[in-house]
Amino acid sequence: MEKEIYSSKEVQDFLERVRCTYETGGIWVARRFGRRWSFLCGIEPTGPSMPARFKIDDDYMLFCENPEKISKKIVQITNKLRELLVGK
Amino acid sequence: MQEVKSWVKSRIKQDEIDKYLENGRDFINDDEILEKIEKHKSPDREWVREIFQKALSINTLTPDETAALINVEDEDLIEEMKEVALQIKKKVYDNRIVTFAPLYLGDYCVNNCLYCGFRSDNQVIKRKVLSDEEILRETEELAGKIGHKRLILVYGEHPATDVEYIAKSLELVYSVKVKVRNGYGQIRRCNVNAAPLQIDELRRLVEVGIGTFQVFQETYHHETYNLVHPRNTIKGDYKWRLYCMHRALEAGVDDVGIGALFGLYDWRFEVMGLVYHARELESKFGIGPHTVSFPRLEPAANTPYIQEAKYRVSDKDFEKLILVLRLSIPYTGMILTAREPREIRDKVIHYGITQTDASTKIGIGAYSDRCSEQELERQQFLIGDTRTLDELIRDLAKFGYITSFCTAGYRCGRTGDLIMKLLKTGKEGQFCKLNAILTFKEWLLDYASNETQEVGDRLIQKELNEVKEKMPRVYDKLMEYYNRIENGERDLFF
Ligand code: SF4
């Protein structure tokens, strides 16, 4: 009996790898419901900062604590996440 | 009438209860609870202090540990417990208090709970369900004039306020944006207090952005439950209600709020029931309750059951039960409502309360009516503290509490499992501190009376100094946001 939300190990592992490679600190995916964003999976932030947001698609957003090093690779990363989350 | 009857028949889905049972039983074992309360009658002082330490490291207590705290009678230990409660609150939530208002949308109800003014048999109640226009008017008053950012929407169980009505009302409330003194007023978080729903219905509420889904078990004691909730009503099904938070979490609701109506049965039993409930959710879903509520029975129109109730909770026991709950489920939000009189609220607020309401009106349509008197035939019960939001915020600020209107978690997906981790590790408190300063400043600029503004600004200055000293890394960023807010920007957050 699990919460019926998407929280595949694959996405979690992928975010873990991104965090290590690009030293992002906290990095997580959230899903939009009405006006709010609801946590889906990922790694919690290490401390207070306004997280950077990267759109995955209309329903999903990537939040990241230290975005400096992933900015250049962000298209590949969000594409991969889109593939893992919605299969395209 | 026939329609209402067939609606009632369609409500309980037995398979949405049975799937959660273990060997056909629910997780509240009355005998076990009573045994534990009895077994730990005179807890050893050293053990009690060990329990304090465990609670201080933000670990949920076991039922045995809670039973031990319930039985602490030594005044010195109770004083220590007050200290511990405050330290836990500080560690998890800092000196922040969240305010909200209840908005009652309808008082039609198919149930017949003996203690409730809205029960279907009660002929003296004036029944009403708010129309779309009335919902908008109430919200404009709450968000535009009073300055609330969070509401709890309250519904009776009736086809007139079914899930489609609830979803529509959430959308209407979220749609309101009112120009205020310097910025704009808007409800940023809508929690819902309604009857237990089916999984698909809960999914519908997730889609429209429900905040916390709150349902109180009223009493965890099976026999008492059956006594006060007639068997031929929906609410007469103990398990349908008990498992509604399982269904909510399964449906993807991030935050659930549990509670008991204290005074129906022995308060010690109810505290144990709440702890069992929290532990059950933690073990099955990895998420405990976002909030715990502990309302006491209050007088209601034409409801003699309340006067005759033999388990009504004294002020002294009320204080103790708050302390025990604070220690037993240390990460959870604790809601103290305006049911309680001002003197009690001013006292127990220091025992680890995190949320409270103000400018409260519980008559249907009462905010936009601007009626200042309580009218019992329009209300579920009588409220005890009628302070306005401005007055309450000022009083809290004098006590050193900052009122936070922060809903940043919802802006960036810091919810559910993630917020649980942050709460348990004490990290959420840091976000909260910064966001509390920013949202409090917004509120002072947009709504506060001169007197509240003065008291509030003094508190903010103290908070800013603390951030400068303890979190120098973020101080410059905080000041940047703070100055932007003073210049008219809104909704900046960490
Ligand atoms: S307590 Fe709730 S369910 Fe029971 S009669 Fe009152 S409004 Fe209806």
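Searching the whole structure, a predicted model, turns up 53 salt bridges over all chains. We'll visit a few of them, along with two interfaces and one buried threonine.

**Stop 1: the two domains of chain B**

Colour chain B by its domain assignment: domain 1 covers 2-25 + 85-414, and domain 2 covers 428-486. Drop a marker at the C-alpha centre of each and you'll get a separation of 29 Å.

Now select the contact residues on both sides. You should have 32 residues from domain 1 of chain B and 24 residues from domain 2 of chain B. Putting these domains together buries about 2,300 Å², with carbon and sulfur atoms giving 55% of that area.

For the polar side of the story, the count between the two domains is 15 residue pairs in polar contact, both partners at pLDDT 80 or more. Which elements of domain 1 should you show as cartoon here? Those giving two or more residues to the side that touches domain 2 are α7 (132-146), β4 (184-186), α18 (389-398) and β11 (402-404) of chain B. Of these, α18(B) gives the most, with six residues. By residue type, the domain 1 side splits into 13 nonpolar, nine polar and ten charged.

Three salt bridges cross this domain interface. Zoom in on B:Arg394 and B:Glu451, whose side chains form a salt bridge with an N to O distance of 3.6 Å.

**Stop 2: a salt-bridge network**

Select B:Arg342, B:Arg345, B:Asp346, B:Asp357, B:Asp385, B:Arg387 and B:Asp395 and show them as sticks; salt bridges link them in a network. Within that group, pick out B:Arg387 and B:Asp395, which pair at 2.9 Å, N to O. Are these two buried or exposed? B:Arg387 counts as buried because its relative accessibility is 5%, and B:Asp395 is buried too, at 14%.

**Stop 3: two more pairs**

Jump to B:Asp94 and B:Lys90, where the salt bridge spans 3.0 Å, N to O. The partners sit in contrasting surroundings: B:Asp94 is buried at 10% relative accessibility, whereas B:Lys90 is partly exposed at 44%.

Then go to helix α23 (residues 472-486) of chain B and select B:Arg484 and B:Glu480. These residues are four apart in the helix, so about one helical turn separates them. Their side chains meet in a salt bridge of 2.8 Å, N to O. Both count as partly exposed, B:Arg484 at 28% relative accessibility and B:Glu480 at 33%.

**Stop 4: a buried threonine**

Centre on B:Thr303, in the loop between β8 (291-293) and α14 (304-308) of chain B. At 3% relative accessibility, B:Thr303 counts as buried. What does its side chain touch at 3.0 Å? That's the side chain of B:Arg119, in a polar contact. Leaving out neighbours within four places in sequence, the contacts of B:Thr303 are B:Leu114, B:Tyr115, B:Cys116, B:Gly117, B:Arg119 and B:Asn122.

**Stop 5: chain A against chain B**

Finally, bring up both chains. Their contact takes 25 residues from chain A and 41 residues from chain B. The buried area is about 2,800 Å², 57% of it from carbon and sulfur atoms.

Don't hunt for salt bridges between the chains: the count is zero. You can look for three residue pairs in polar contact, though, both partners at pLDDT 80 or more. On the chain A side, the elements giving two or more residues are β1 (27-33) and β2 (36-43), and β2(A) gives the most, with five residues. This side divides into 13 nonpolar, five polar and seven charged residues.

Technical notes:
Residues are numbered from 1 along each chain as its sequence is written. Chains are lettered from A and ligands numbered from 1 in the order in which they are written. This is a predicted model: local features need pLDDT of at least 70, side-chain atom pairs count only at pLDDT 80 or more; totals for chains, interfaces and linings use all residues. Side-chain values use heavy atoms; hydrogens and water are left out. Domain bounds come from an automatic or database domain assignment. Contact means heavy atoms within 4.5 Å. Buried area is the accessible area (1.4 Å probe) that two parts lose on being put together, summed over both. A salt bridge is a side-chain nitrogen of Lys or Arg within 4 Å of a carboxyl oxygen of Asp or Glu. A polar contact is a pair of N or O atoms within 3.5 Å; within protein, one must be able to donate a hydrogen and the other to accept it, and residues adjacent in sequence count only if both atoms are side-chain atoms. Ala, Val, Leu, Ile, Met, Phe, Trp, Tyr, Cys and Pro count as nonpolar, Asp, Glu, Lys and Arg as charged, and the others, Gly among them, as polar. Buried means under 20% relative accessible area, exposed over 50%, partly exposed in between (1.4 Å probe, protein chains only).
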